[in-house]
Amino acid sequence: MTPLHILRVLGLAGLATLFATGCGKSTNQPDSQTSAKSGTKSEYTFALVAKSQSNPVFQAARVGAEDAAAGLSKKLGVKITVLWRTPNEDDAQKQVEYIEQLVLQGADGISVSCSEAETLAPAINRAVDQGVAVMCFDSDAPASKRFCYHGTDDIECGHIIMRELAAVLGPGKHVVAIPGGNQNARNLQNRIKGALDEAANYPNITIRGVYYSKEVPQDAAARIEEVQTANPDIDGWGMIGSWSLFTDALLKWEPGKVKIVAMDALPAELPYLTKGVVQKLYAQQTYRWGERSVELLADKVILGKNPANVMDYSELPPVTKDDVQQYEQNWKKWLRQ
């Protein structure tokens, strides 16, 4: 081969390399948040950092995550381990500590339900900067570097709760109250905003107030009873959070006297439907929170795929007394009973 032929061959090889590494790059390749070791390991560790151990919605999310990890491990031919790092009660600083510990332990991905978005955002950003894929579920930190959020569309949720309560109350003048839960939780503030915006469409409805309490069932129930006793003209509760229904404290209320539309459809809430104290529940897909978290993290970290939508919203189906038996069976699965 002549020197000219050799140069031509080398030139063609260089062009081939250029196209392989540049122009031919797929738009679905991992970005800066995807682990540099994506697809090269046989074992991966994902973690869920929820708000509180005691809340059944997060217990269901944990089961969903573990089930998804088992299924995807078989499907993808890798071992996926799920770590559960959640404070006993709402504690944003504890969540920060858990995220920092998980980074040091070498976690590949983290899904967090933020008690306080502003407190969690710096910890999320540090984790991402160190190569850990981080997403949010249930309660978002949109100003952080998290790659996506999965859960309820909280503003629309508030609209739904108030719209349905207005329908249940019917014509005439009504006084309504809203339980607020954690005053710093972004998801709850968005639900309250949605509920208040929706209430503006009904001139016959007066909002007496938003009443905050700890997201602890006994505390929340005591707060609602205190407010109801002090304001006997309240004839409707738009429960954007239903912690008070996680106990049987309000089951003694006269069915139908005060109309209630509430979030979630947990086992403890179902008797409220059966008895008629609560008119309708809206079920967050709590098992799906964990299941979807692991799916999204696996796509991101193992397969190098970004979610189709940064805001990955889940449905919010209504539950009435006709659905009680079905949801009882669901919860037996979700809580491994």
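**Reasoning from values to terms**

Biologist: Why does aspartate 233 count as partly exposed?

Modeller: In this predicted model, aspartate 233 has a relative accessibility of 38%; buried means under 20% and exposed means over 50%, so at 38% aspartate 233 counts as partly exposed.

Biologist: What makes the contact of aspartate 233 with arginine 208 a salt bridge?

Modeller: The closest N and O atoms of aspartate 233 and arginine 208 are 2.7 Å apart, and the criterion asks for a side-chain nitrogen of Lys or Arg within 4 Å of a carboxyl oxygen of Asp or Glu, so the pair qualifies as a salt bridge. The pair links distant parts of the chain, with aspartate 233 in the loop between H7 and S8 and arginine 208 in strand S7, 25 residues apart. Arginine 208, at 33% relative accessibility, also counts as partly exposed.

Biologist: What makes arginine 163 and glutamate 198 a salt bridge, and which parts does the pair tie together?

Modeller: Their side chains meet at 3.6 Å, N to O, and because the cut-off is 4 Å, the pair is counted as a salt bridge. Arginine 163 belongs to helix H5 (residues 154–169) and glutamate 198 to helix H6 (residues 186–199), so parts that are 35 residues apart in sequence are tied together.

Biologist: Are arginine 163 and glutamate 198 buried or partly exposed, and why?

Modeller: Arginine 163 has 36% relative accessibility, so it counts as partly exposed, whereas glutamate 198, with a relative accessible area of 6%, is buried, because 6% lies under the 20% limit.

Biologist: Where do glutamate 66 and arginine 62 lie, and why do their side chains count as a salt bridge?

Modeller: Both residues lie in helix H2 (residues 56–76), four residues apart, about one turn of the helix. Their side chains meet at 3.3 Å, N to O, which is within the 4 Å limit, so the salt bridge is assigned. Glutamate 66, at 28% relative accessibility, counts as partly exposed, and arginine 62 is partly exposed too, with a relative accessible area of 34%.

Biologist: How many salt bridges does a search of the whole structure find, and which residues are linked in a network?

Modeller: The search finds 20 salt bridges, and a network of them links Arg288, Glu291, Arg292, Glu295 and Asp312.

Biologist: How do you know whether the distance between the end C-alpha atoms of helix H7 agrees with its 14 residues?

Modeller: Helix H7 covers residues 217–230, and at 1.5 Å a residue its 14 residues should span 20 Å; the end C-alpha atoms are 20 Å apart, so the expected value and the model agree.

Biologist: Which residues of H7 are buried, and what places them on one side or on several?

Modeller: The buried residues are Pro217, Ala220, Ala221, Ile224, Val227 and Gln228. They cover an arc of only 130° around the axis, and therefore they lie on the same side of H7. On the other side of H7, Gln218, Thr229 and Ala230 are exposed. Strand S6 (174–181), strand S7 (205–212) and strand S8 (236–239) are among what covers the buried residues of H7.

Biologist: What makes S7 an edge strand of its sheet?

Modeller: The open sheet is formed by six strands in the order S7-S6-S8-S9-S10-S12, with mixed pairing. Both S7 and strand S12 (318–319) pair on one side only, and these are the edge strands. Within this sheet, S8 and strand S9 (residues 259–263) pair in the parallel sense over four bridges, and glycine 236 has lysine 259 in S9 as its bridge partner.

Biologist: How do you know that S3 and strand S4 pair?

Modeller: Pairing requires at least two bridges, and S3 and strand S4 (residues 133–137) have four, in the parallel sense, so the requirement is met. Cysteine 136 in S4 is the bridge partner of valine 112. The chain passes from S3 through helix H4 (residues 117–129) to S4, and this β-α-β crossover is right-handed. Strand S1 (residues 43–49) also pairs with S3 in the parallel sense over four bridges, and alanine 47 stands opposite isoleucine 110 in S3.

Biologist: Which way do the residues of strand S3 point, and are they buried or exposed?

Modeller: In strand S3 (residues 109–112), Gly109 and Ser111 point one way, Ile110 and Val112 point the other way, and all are buried. For the protein as a whole, buried residues make up 53% of the 337 residues.

Methods. Residues numbered from 1 in each chain as written. Predicted model: local features only at pLDDT ≥ 70, side-chain atom pairs only at ≥ 80, totals over all residues. Heavy atoms only, no water. Helix = DSSP H or I, 4+ residues; strand = E, 2+ residues; numbered from the N terminus. Expected span 1.5 Å × (residues − 1). Buried < 20%, exposed > 50% of the residue type's maximum accessible area, 1.4 Å probe, protein only. Arc of directions from axis to C-beta. Contact = heavy atoms within 4.5 Å. Right-handed = clockwise from strand over helix to strand, strands pointing away.
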